[in-house]
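Biologist: I am new to this structure and would like a close look at a single part, the place where the ligand sits and the parts of the chain around it. Please take me through it slowly, in one connected answer.

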Amino acid sequence: MIESESSSFEAIALAPMAVLPAYQRQGIGGQLVSAGLEECRNLGHEIVVVLGHPTYYPRFGFVPAKPKGISCEFEVPDEAFMVLELREGALAGRGGIVKFQPEFKETI
Ligand SMILES: CC(C)(COP(=O)(O)OP(=O)(O)OC[C@H]1O[C@@H](n2cnc3c(N)ncnc32)[C@H](O)[C@@H]1OP(=O)(O)O)[C@@H](O)C(=O)NCCC(=O)NCCS
């Protein structure tokens, strides 16, 4: 959920993701991200956040979250916390703090 004093709306987090080092840089991670985002779009999700490499995720359309008014409930480097609109304009006029599910917090 992305929560602010005035609103609360749903978003989905891309995580955790990893490819075994021996298999990295063969396009596997990219295919996982693209397929996952497509599935999310098909399911009607509109907003995806990711905490990850700032040079990797922009290729999928992710942009820094902070300028969009989205922050993370954890202390994270600004450039590593990114957001993607699966529906154009989904974030227009909205903002807040991303609150993760308890299951996600157990993975970090
Ligand atoms: C990030 C990760 C999942 C990418 O998987 P992958 O199968 O190697 O990805 P792809 O082959 O589709 O893409 C490779 C690209 O990722 C980039 N990349 C891989 N690791 C990177 C890193 N740590 N920082 C920046 N870019 C990285 C490579 O530079 C490469 O870019 P290029 O296509 O311009 O050469 C993999 O590196 C990984 O498991 N890393 C460790 C776990 C992790 O950090 N997960 C992300 C946390 S959400």
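Modeller: A good place to begin is R25, which lies in the loop between strand 3 and helix 1, and I should say at once that the model is a predicted one. Phi of R25 is near 60°, a positive value in a residue other than glycine. This deserves a remark, because most residues other than glycine have a negative phi, and most peptide bonds are trans. The second half of that remark applies to P16, which also lies in the loop between strand 3 and helix 1, since the peptide bond joining A15 and P16 is cis, with omega at about -15°.

From this loop we can turn to the ligand. It is surrounded by 16 residues, and the closest are M17, R25, G27, G29 and G30. Sorted by class, the shell around the ligand holds 7 nonpolar, 7 polar and 2 charged residues. Helix 1, which spans residues 28-42, gives the largest share of this shell, with 3 residues. As for polar atoms, a polar backbone atom of R25 is 2.7 Å from an oxygen atom of the ligand, and for a polar backbone atom of G29 the distance to a ligand oxygen is 2.7 Å. A polar backbone atom of Q26 is likewise paired with an oxygen atom of the ligand, here at 3.2 Å. On its own the ligand has 900 Å² of accessible area, and the protein covers 68% of it. The space that the ligand takes is the largest pocket.

To place the loop in its wider setting, it helps to follow strand 3 into its sheet. That sheet is an open one of 4 strands, in the order 3-4-7-5, and its pairing is mixed. Strand 3 (12-13) and strand 5 (63-64) stand at the edges with a single partner strand each, so one side of each is left without a neighbour in the sheet. The partner of strand 3 is strand 4 (residues 47-51), and the two pair in the parallel sense over 2 bridges. Within that pairing, I12 has V48 of strand 4 as its bridge partner.

There is also another open sheet of 4 strands, this one in the order 2-1-8-6 and again with mixed pairing. Its edge strands are strand 2 (8-9) and strand 6 (70-72), each of which pairs on one side only. Strand 6 is joined by 3 bridges to strand 8 (residues 96-98), and these two strands run parallel. Here the bridge partner of C72 is V98, in strand 8.

To return to your request, the part to keep in view is the loop between strand 3 and helix 1, where R25 lies, together with helix 1 itself, the source of the largest share of the shell around the ligand.

Definitions and conventions. Residues numbered from 1 in each chain as written. Predicted model: local features only at pLDDT ≥ 70, side-chain atom pairs only at ≥ 80, totals over all residues. Heavy atoms only, no water. Near = heavy atom within 4 Å. Polar contact = N/O pair within 3.5 Å; in protein donor to acceptor, adjacent residues only side chain to side chain. Areas by Shrake-Rupley, 256 points an atom, 1.4 Å probe, with all protein chains shown as cover. 1 Å grid on protein atoms, 1.4 Å probe; cavity = no way out; pocket = protein on both sides within 12 Å on 5 of 7 lines; lining within 4 Å. Sits in = over half its atoms within 2 Å of the grid points. Nonpolar A, V, L, I, M, F, W, Y, C, P; charged D, E, K, R; others polar. Pairing = 2+ DSSP bridges.
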